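Subject: Structure handover and notes

Hello,

Please find the structure below, for you to take over. My notes on it follow, with a question to begin.

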Amino acid sequence: MEKVIFFDFCDTLVNMQTANAFVEFVLKDYPKKAKRMRIKIKIIAKLKIRRILQLFFPDMSFYKQMRLLALKGITCSELEAKAEMFYNQIVKSNLIAQTIQELNDFQNSDDTVVIVSAGYEIYLKYFCKDYGINHLFATEFEFKDDVFTGHCIGKDCIEQEKVKRIKDFDNFDYKVCFSDSDSDLPLFQYCDERIAVLNKEKYNDKIPVWVEEINAKVIWH
């Protein structure tokens, strides 16, 4: 039986949300950019016009896009270097042992492992390289003339967009999904077996309703 296993990344394989964390990591070297970004977000939150402005950024959550725009103008080579540093210094030390072990077990069984994440491809590819994963679907940066535009290529890899990107795996006999969030309900519903990865502190050891509704197994960490 051909089996494919889909892993979300943030709060599933790593105990953090990596997208905004990466932006903050890069902006440590750009304090003026960081300050302007925080002022803009603060003003927009205060004026309560986020929903209006979201119309201009329909493919990504507004605050995620606002943070990403702060990196506009940084060269591809610098962002690539920062991405490798971010993976080595931050991501690797926050990996979730329980789900990493699950991933390794599937790899050793010659099952097909796929990472499908709203995190950024620019650093996730280093994780995939470390763990021998050949299939990565993530949100990709857009570069023009070797400079980051502040936008991504296509839509943010989240919710229904994840399912659209993995259609090439329709021919597998059995599909498994690991994720921490009900935002991945489209992905869970696409799969035959569902595993919810839950943080004990966040949920106080109580299984949320959405997990019970999809009849998912649970991994606590």
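Which cysteine sulfur is closest to the sulfur of C191, and why is there no bond between them? The closest one is in C177, and at 4.9 Å the two sulfurs are too far apart for a bond. A disulfide would need them within 2.5 Å. Please keep in mind that this is a predicted model, so every value in this email is computed from that model.

Cysteines

The count of disulfides in the structure is 0. C10 also lacks a partner, because the closest cysteine sulfur, that of C157, is 11 Å from its own sulfur. As for exposure, both of these cysteines are in the buried class: C191 has a relative accessibility of 4%, and C10 has a relative accessible area of 6%. C10 comes up again with the pockets.

Helix α5

Helix α5 covers residues 76-91. Its buried residues begin with C76 and L79, go on through K82, A83, F86 and Y87, and end with V91. What do these buried residues pack against? Their partners are two helices, α1 (18-27) and α7 (121-131), together with two strands, β4 (141-144) and β5 (147-152).

Pockets

The largest pocket holds about 320 Å³ of space. Its lining is made up of 18 residues, and those nearest its centre are C10, Q17, A118, I158 and S183. Helix α1, which also packs against α5, supplies at least two residues of this lining, and so does strand β2 (112-120). Sorted by class, the lining has 8 polar, 6 charged and 4 nonpolar residues.

The second largest pocket holds about 160 Å³. Which residues line this second pocket? They are K33, R36, M37, K40, M66, L69, A70 and K72. Helices α2 (31-47) and α4 (62-69) each give at least two residues to the lining, and α2 has the largest share, with 4 residues. This lining contains no polar residues; 4 are nonpolar and 4 are charged.

S117

S117 sits in strand β2, the strand that contributes to the lining of the largest pocket. Is S117 buried or exposed? It is buried, because its relative accessibility is 0% and the buried class takes in anything under 20%. A polar atom of the S117 side chain lies 2.8 Å from the backbone nitrogen of G119. Setting aside residues up to four places away in sequence, S117 touches D8, F9, L124, F137, A138, T139, C157 and K162. C157 in that list is the cysteine whose sulfur is closest to that of C10.

V163

V163 is part of helix α8, residues 160-165. With a relative accessibility of 5%, V163 is buried as well. Beyond its neighbours within four places in sequence, V163 is in contact with P186, L187 and Y190. How far apart are the C-alpha atoms of V163 and D184? The separation is 9.3 Å, for two residues that are 21 residues apart along the chain.

To look through the model in the order of these notes, start at C191 and C177, whose sulfurs are 4.9 Å apart. Then turn to helix α5 and the elements its buried residues pack against, and after that to the two pockets, of about 320 Å³ and about 160 Å³. S117 in strand β2 and V163 in helix α8 come last.

Regards

Terms used: Residues numbered from 1 in each chain as written. Predicted model: local features only at pLDDT ≥ 70, side-chain atom pairs only at ≥ 80, totals over all residues. Heavy atoms only, no water. Buried < 20%, exposed > 50% of the residue type's maximum accessible area, 1.4 Å probe, protein only. Contact = heavy atoms within 4.5 Å. 1 Å grid on protein atoms, 1.4 Å probe; cavity = no way out; pocket = protein on both sides within 12 Å on 5 of 7 lines; lining within 4 Å. Points joined across faces, edges and corners; volume = space filled by probe spheres on them. Nonpolar A, V, L, I, M, F, W, Y, C, P; charged D, E, K, R; others polar. Polar contact = N/O pair within 3.5 Å; in protein donor to acceptor, adjacent residues only side chain to side chain.
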